[in-house]
Amino acid sequence: MREIHVIGLASDGKFIVCADSSGEKFRLPADEKLRAAARGDAARLGQIEIEMDSLMRPREIQARIRSGASIEQVAKESGMPASKIERYAHPVLLERSRAAELAQQGHPVRPDGPAVMTLLEIVTQAFRGRGHTMESAEWDAWRDEDGHWIAQLTWPAGRHTNTAHWRFQPDAHGGSVTPLDDAASELVDPDFGRQLRGLAPVAAVQDAPSQQTLDDYYGVDSDSDREDAAVLDAAAAPRPTEAGDDHAETDDTSDADRTDTTPDRDPRPKPAPAHPAAKDKRGKPSMPSWEDVLLGVRSNGR
């Protein structure tokens, strides 16, 4: 480290001229830091160094605001008063607000192509279907590291705050917006705001006998036995009496004789009496043919 000595003060009074042993001259700014160092005020010297290191140029302030930072954040980072930051941030905030308005008029990009409706129209429709209101939502926009505009939508949902982000690409047709997260994708999904379709209740069939009741009535235990019982019941049903039928029987019972006074009579219809029939190898009654069922011929030939 070379030693220098003070020669004098510059003509403008802003610098102190110094020189080393070889005669080479130097100059030092006559500022508050030099005066604090000359006084030996170490506390003031350290405070001045912190303030100088935290100071940001106007271009740096605007770059931070344009990238999404708030005035309070920049003031905290730089150590500068918020009033001084606001002077440089105001035009950039207007730029961000305009970009957010343009993004709302953009068309969301879907897997099948750009949507016909604008982002604002689709989001409003989705909010209405989900019980939200656009009055409580806030729009914002900023530029990312690649220089693209990012649109942000924030809205409250209960005790939480939801956010959705899209990348906005302006063009002559209103621009396009591409979802960047799940919340943004759900809002532009055509099915997001659609109400769920309910199912109409099926009316219960009244007075319909259950299959269990029929099985108990016929005493069947399997599907094959159930088919056999149905055919046997059809074959055992009496034929209607026709005029001139030689086998027609005359009912001479009077109305008084038909009156049944038995109190414990079973109201269910009783099956027709079974006729002796041949049995197959399994020991079950043989099934009549369809001709016998249609013509009413008994299995014993009568």
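Select Arg 27 and Phe 15 to start: the charged end of Arg 27 sits over the ring of Phe 15, 4.1 Å from the ring centre. Keep in mind as you click around that this is a predicted model.

**The three-stranded sheet**

Now colour the strands β1, β2 and β3. They make an open sheet, ordered β1-β2-β3, with antiparallel pairing. Which strands stand at the edges? Those are β1 (4–9) and β3 (25–29); each has a single partner strand, so one side of each is left without a neighbour in the sheet. Tilt the view and look for the twist, which averages 35 degrees from one strand to the next.

Zoom in on β1 and strand β2 (residues 15–20). The two run antiparallel and are joined by five bridges. For a landmark, pick Val 6 and look across to β2, where Cys 18 stands opposite.

**The six-stranded sheet**

Next, move on to another open sheet, this one of six strands. Reading across, the order is β5-β4-β9-β8-β7-β6, and the pairing is mixed. At the edges you'll find β5 (113–114) and β6 (138–143), each pairing on one side only.

Select residues 149–157 and 160–169 together. These are strands β7 and β8, and they pair in the antiparallel sense over nine bridges. Want a pair to label? Take Thr 154, whose bridge partner in β8 is Thr 163.

**Helix α6**

Now select residues 119–130, which is helix α6. Try a distance between its end C-alpha atoms: they are 16 Å apart, and since 12 residues at 1.5 Å a residue should span 16 Å, the two agree.

Show side chains for Leu 119, Ile 122, Val 123, Ala 126 and Phe 127, which are buried. Then turn the helix until you look down its axis. The buried residues of α6 fall within an arc of 135 degrees, so they line one face of the helix. The spacing helps here: an α-helix has 3.6 residues a turn, so residues three or four places apart point the same way.

Stay with Ile 122 for a moment. Is this residue buried or exposed? Its relative accessible area is 5%, and the cut-off for buried is under 20%, so Ile 122 counts as buried. Add Asp 189 to the selection: the two are 67 residues apart in sequence, yet 8.7 Å apart in space, C-alpha to C-alpha.

Finish by stepping off the end of the helix. α6 is followed by Gly 131, which has a positive phi, near 85 degrees.

Definitions and conventions
Residues numbered from 1 in each chain as written. Predicted model: local features only at pLDDT ≥ 70, side-chain atom pairs only at ≥ 80, totals over all residues. Heavy atoms only, no water. Pairing = 2+ DSSP bridges. Helix = DSSP H or I, 4+ residues; strand = E, 2+ residues; numbered from the N terminus. Expected span 1.5 Å × (residues − 1). Buried < 20%, exposed > 50% of the residue type's maximum accessible area, 1.4 Å probe, protein only. Arc of directions from axis to C-beta. Lys NZ or Arg CZ within 6 Å of the ring centre and 35° of its normal. Axes fitted to C-alpha atoms, helices over the stretch in contact; angles between N-to-C directions.
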